[in-house]
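Here are my notes for someone opening this entry for the first time. Have the sequence and the 3D view side by side, and take the points in order.

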Amino acid sequence: MRMVEIIEKKRDGKALTTAEIEYFVQGYVAGTVPDYQASALLMAILWRGMEDRETRDLTLVMAHSGELLSLKDVAPFVVDKHSTGGVGDKVSLVVGPLVAACGLPVGKMSGRGLGFSGGTLDKMESIPGLRTDLSVAEFKAQLADIGVVITGQSANLAPADGKLYALRDVTGTVPSLPLIVSSIMSKKIASGADAIVLDVKVGSGAFMKTLEDAEKLASTMVRIGEEVGRKVAALLSDMNQPLGRAVGNTLEVREAVETLHGGGPEDFREHCLVVAGEMLALGGLVPDAAAGKSLALETIAAGTAWEKFRQLVMAQGGDVAYVDDPERLPQARLVEPVPAPVAGALARVQTDEIGMTVVALGGGREEVGATIDHAVGLVMHCKVGERVEKGQPLFTVHANDEDRRDEAVRRVLDALTFVDEPVEPLPIFYQRMI
Ligand code: URA
């Protein structure tokens with residue numbers, strides 16, 4: 001088999017065989033397929049798509065590229081959640097410890113920033129000392145010990161996704177249904193969770209821009225999960241504006257900490273409670289998602305979700321003093337509130353542009369393996385539907401470089417549309433799919 005022929009076949013819109021998909025994935029992990037050929041194939045898949053059978057094959061081959069974890073010896077039933085990628089999406093930082101504090105073990109394998117969307121691992125690494133490269137033994141030991149773990153792919157779990165994810169991030173090959181499905185579901189299958197809640201984002205800050213595409217993505221992932229014996233539920237959630245107010249790694253950790261203390265922005269808190277409720281219901285701890293949401297609310301109020309987050313940070317080597325007093329987390333040198341240039345109601349946010357602005361500030365990667373500046377980002381003070389007066393603070397830029405700060409101000413102002421007439425607020429969720 002020759003890699004160039006596989007690329008040409010997909011370039012010409014033909015379906016790849018299982019053997020060809022295996023040849024590509026195994027060769028890429030082993031280093032015999034170079035980045036340039038992998039990039040070409042990813043771009044061909046993005047343009048030509050894949051049949052359902054190819055997407056399933058790609059997912060399973062990626063899942064089997066490393067170890068397949070069985071967690072039965074440490075926890076009888078483990079639940080997980082995964083987002084398809086958004087802007088300001090720090091949900092995992094809250095719901096992981098929250099659901100674990102309710103008594104349901106959460107074993108989660110997360111990703112890094114991807115395109116305009118942020119990644120949980122990058123956010124977690126804003127906490128000095130915190131490790132996201134746990135070995136399989138560490139993953140299991142921590143799950144048995146404190147009931148929650150959030151780590152990356154380096155533990156020989158779905159290593160194909162670890163490599164392909166980093167390549168997609170810098171080759172414009174993220175927004176492809178088969179590539180997103182295989183990336184997410186290979187990680188979920190490899191990490192051994194019995195039940196998975198998928199948070200499928202739709203809108204200007206999501207890879208799926210329409211409800212129709214998001215539904216297709218959700219139903220494909222649910223089907224693959226069920227085929228391999230997992231319980232799966234999907235929520236379709238709005239991403240036509242950043243979730244919560246903070247966008248940028250450290251700023252998002254601070255917002256997650258506030259939320260675990262019972263505060264935080266209303267939309268973000270509600271989002272976390274609903275996702276946690278679904279996870280608790282899928283895990284059989286409560287009769288339905290509404291009861292799960294109530295339990296999650298009580299658990300935050302009791303302070304046990306916060307205590308579980310501290311345990312998570314400590315277990316992964318993080319210095320808990322920084323989350324106990326988030327003011328100690330790295331801060332950007334330049335913190336500039338930007339006034340509204342006009343009065344009006346916020347009607348639209350070009351949300352992917354908000355995410356790309358944070359990447360350009362240094363908060364994300366523009367090439368494989370680049371280091372990121374955790375402190376930079378944006379705090380948005382206005383949600384769609386809210387009115388502002390001219391001169392009122394609209395957003396705050398956190399930057400470490402004057403030119404990048406000025407560019408960020410220009411880009412964010414261009415990404416926001418104000419109108420005179422009243423505007424309806426956006427929903428948080430559109431629908432639930434099982
Ligand atoms: N999250 C992932 O893990 N992979 C994707 O491709 C998109 C979001």
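Is A158 buried or exposed? Keep that in mind for point 1, and remember throughout that we are looking at a predicted model.

1. A158 is buried, because its relative accessibility is 0% and the cut-off for buried is under 20%. You'll find A158 in the loop between β3 (148–151) and α8. The backbone is worth a look too: A158 is not a glycine, yet its phi is positive, at about 45°.

2. Step along to P159 and you're in helix α8. P159 also counts as buried, because its relative accessible area is 19% and anything under 20% qualifies. Leaving out neighbours within four places in sequence, P159 is in contact with V29, S65 and G66. For a sense of scale, the C-alpha atoms of P159 and K140 are 18 Å apart, with the two positions 19 residues apart in sequence numbering.

3. Now take α8 as a whole, residues 159–169. The helix is mostly covered, with eight of its eleven residues buried. Those buried residues are P159, A160, D161, L164, Y165, L167, R168 and D169. What lies over them? The cover includes α2 (18–30), α3 (35–48), α4 (52–63) and α9 (177–190). One thing to keep in mind while you rotate the view: an α-helix has 3.6 residues a turn, so residues three or four places apart point the same way.

4. On to the ligand. Which residues are around it? They are H82, S83, T84, L114, Y165, R168, I180, S183, I184 and K187. Two of those names, Y165 and R168, should ring a bell, since both are on the list of buried residues in α8.

5. Three side chains are worth zooming in on here. In H82, an N or O atom of the side chain is 2.9 Å from an oxygen atom of the ligand. For R168, the distance from a polar side-chain atom to a ligand oxygen is 2.8 Å. For K187, the corresponding value is 2.5 Å, again from a polar side-chain atom to an oxygen atom of the ligand. As for overall cover, the ligand on its own has 240 Å² of accessible area, and the protein covers 97% of that.

6. Where does the ligand sit? It is in the largest cavity. The elements giving two or more residues to the shell around the ligand are β1 (79–83), α8 and α9. Of these, α9 provides the largest share, with four residues. So far α9 has turned up twice, as part of the cover over α8 and as a contributor to the ligand shell.

7. Between α8 and α9 there is a loop, and S176 is found in it. S176 counts as buried because its relative accessibility is 3%. Setting aside residues up to four places away in sequence, S176 touches I45 and L46.

8. I45 also helps us place R11, which belongs to helix α1 (residues 3–11). R11 and I45 are 34 residues apart in sequence, but their C-alpha atoms are 7.6 Å apart in space. Beyond its neighbours within four places in sequence, R11 is in contact with A44 and R48. Unlike the buried cases above, R11 is partly exposed, because its relative accessible area is 47% and that class lies between 20% and 50%.

9. Last stop: S191, in the loop between α9 and β4 (195–202). Why is S191 classed as buried? Because its relative accessible area is 0%. Not counting residues up to four places away in sequence, S191 touches L69, L71, D80, M109 and F139. There is a polar contact closer to home as well: a polar atom of the S191 side chain lies 3.4 Å from the backbone oxygen of K188. By contrast, T32 is 159 residues away from S191 in sequence and 26 Å away in space, C-alpha to C-alpha.

Terms used. Residues numbered from 1 in each chain as written. Predicted model: local features only at pLDDT ≥ 70, side-chain atom pairs only at ≥ 80, totals over all residues. Heavy atoms only, no water. Buried < 20%, exposed > 50% of the residue type's maximum accessible area, 1.4 Å probe, protein only. Contact = heavy atoms within 4.5 Å. Near = heavy atom within 4 Å. Polar contact = N/O pair within 3.5 Å; in protein donor to acceptor, adjacent residues only side chain to side chain. Areas by Shrake-Rupley, 256 points an atom, 1.4 Å probe, with all protein chains shown as cover. 1 Å grid on protein atoms, 1.4 Å probe; cavity = no way out; pocket = protein on both sides within 12 Å on 5 of 7 lines; lining within 4 Å. Sits in = over half its atoms within 2 Å of the grid points.
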